[in-house]
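Welcome, and thanks for taking a look at this model. Below is a short tour in a few stops.

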Amino acid sequence: MSSTATITATEIVLPGKVEPKGLETRTRDLPAPDKDQVVLRMEATGVCFAEQQMRRGKYYDQPPFPFVPGYDLVGTVVATGERIDAALVGRRFAAITKTGAWASHLVVDAADLMPVPDEIDPADAATVTVNGVTAWQMLYRVAEVRTGQTIVVLGANGGVGSTLVQLARRAGITVIGSASPRHHAAVRELGATPVDYRDPHMYARIRELAPDGVDAVFDHVGGPGVEESWQLLRRGGTLVSYGTAASKDEEGNSQLPVLKLIARLNAWNALPNGRSAHFYNLWAGRRRCRKTWQQRMTEDLTQVLRLVADGSVVPQIAARFPLTGTVAAMELAESRTVAGKVVIVPEV
């Protein structure tokens with residue numbers, strides 16, 4: 001398709017603070033890509049926790065309503081801007097968009113494209129785009145966990161958690177993972193020892209499994225429980241906090257829970273006890289140097305996709321829905337019954 005042809009896109013719109021059934025479908029003609037942009041035809045996207053927060057107006061960097069959600073996608077280039085090599089047409093890429101990916105077609109900056117090998121299923125690749133990069137960076141760039149160490153992964157059945165467990169086990173790291181009992185078999189199959197996240201004595205159970213403490217805790221929950229996560233660490237251990245799921249239903253300022261959490265982590269970091277605490281933010285450094293940030297994203301996704309290709313990491317797809325079934329996809333993702341990621345694909 002030439003870059004001058006008009007492309008009509010189907011988009012899923014979040015009009016305001018609505019329940020999933022309040023999502024709207026619209027079609028519109030896309031503008032031609034700018035000189036440094038391309039048009040991607042979506043092959044797979046998905047529902048992540050960020051969209052669940054955005055629906056409530058609770059995302060830290062909340063976009064103004066109305067908007068098209070969709071944090072990341074895998075797609076094929078169908079049109080290019082005048083400064084972009086037309087040979088990209090027909091090639092498959094992933095992109096991290098933050099918003100906009102719940103669409104049949106969308107315009108993306110060419111600088112944001114990350115190659116996806118043809119032999120990898122688009123849904124598999126989309127499942128490990130943000131989730132895989134997040135897990136890889138937290139494990140290797142932040143916590144720097146090594147073979148023979150022990151870690152705790154909260155939400156080990158989730159999109160990030162299940163990928164993190166697999167990466168860690170492949171590296172010879174012992175994993176204790178929290179999940180509801182219905183997902184314990186799946187967590188064991190990934191190679192982790194499951195604990196019940198609803199058990200009021202969960203942290204005591206973890207201490208029984210790791211009486212000398214653990215080397216890292218990966219905590220997406222935040223809230224009061226983050227203190228317990230910190231206390232699990234042995235000397236030299238690292239707490240990596242990467243979310244505030246505990247406060248997603250609370251009213252009030254969307255940024256306050258994150259700011260309070262970061263302040264607490266900073267205070268712990270100042271203590272002379274040999275432990276460290278970090279708040280992981282996928283977008284950190286992008287404004288300072290977008291080129292370096294994107295290069296790091298591409299490098300890390302390439303590593304994860306290599307492991308997907310050789311079977312070392314198996315993307316955990318909870319279910320697949322067509323784009324027009326996004327309401328059902330959102331409802332399922334928010335049901336707390338799924339293991340892995342709910343994926344959205346084009347119409348059949």
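## Cysteines

This is a predicted model. Let us start with Cys289, which is partly exposed at a relative accessible area of 33%. Cys48, by contrast, counts as buried because its relative accessibility of 14% falls under the 20% cut-off. As for cross-links, the structure holds zero disulfides.

## The open sheet

Now to the strands. Six of them form an open sheet with parallel pairing, in the order 10-9-8-11-12-13. Strand 10 (193–196) and strand 13 (276–279) sit at the edges, each pairing on one side only. From one strand to the next, the twist averages 15°.

Helix 6, spanning residues 202–209, packs on this sheet. Its contacts there are with strand 8 (150–153), strand 9 (174–179), strand 10 and strand 11 (214–219). The direction of helix 6 makes about 155° with that of strand 10.

At the strand 13 edge, four bridges join strand 13 to strand 12 (residues 233–241) in the parallel sense. If you would like a pair to click on, Leu239 stands opposite Ala277 of strand 13.

## Around Gln53

Is Gln53 buried or exposed? This residue lies in helix 1, which covers residues 49–55. Gln53 is buried, because its relative accessible area of 10% is under 20%.

Which residues does Gln53 touch, leaving aside its neighbours within four places in sequence? The contacts are Lys58, Tyr59, Gln62 and Thr244.

Conventions:
Residues are numbered from 1 along each chain as its sequence is written. This is a predicted model: local features need pLDDT of at least 70, side-chain atom pairs count only at pLDDT 80 or more; totals for chains, interfaces and linings use all residues. Side-chain values use heavy atoms; hydrogens and water are left out. A disulfide is a pair of cysteine sulfur atoms within 2.5 Å. Buried means under 20% relative accessible area, exposed over 50%, partly exposed in between (1.4 Å probe, protein chains only). Two strands pair if DSSP finds at least two bridges between them. Helices (H or I, at least four residues) and strands (E, at least two) are DSSP runs, numbered from the N terminus. Axes are lines fitted to C-alpha atoms, for helices over the stretch in contact, and angles run from 0 to 180 degrees between N-to-C directions. Contact means heavy atoms within 4.5 Å.
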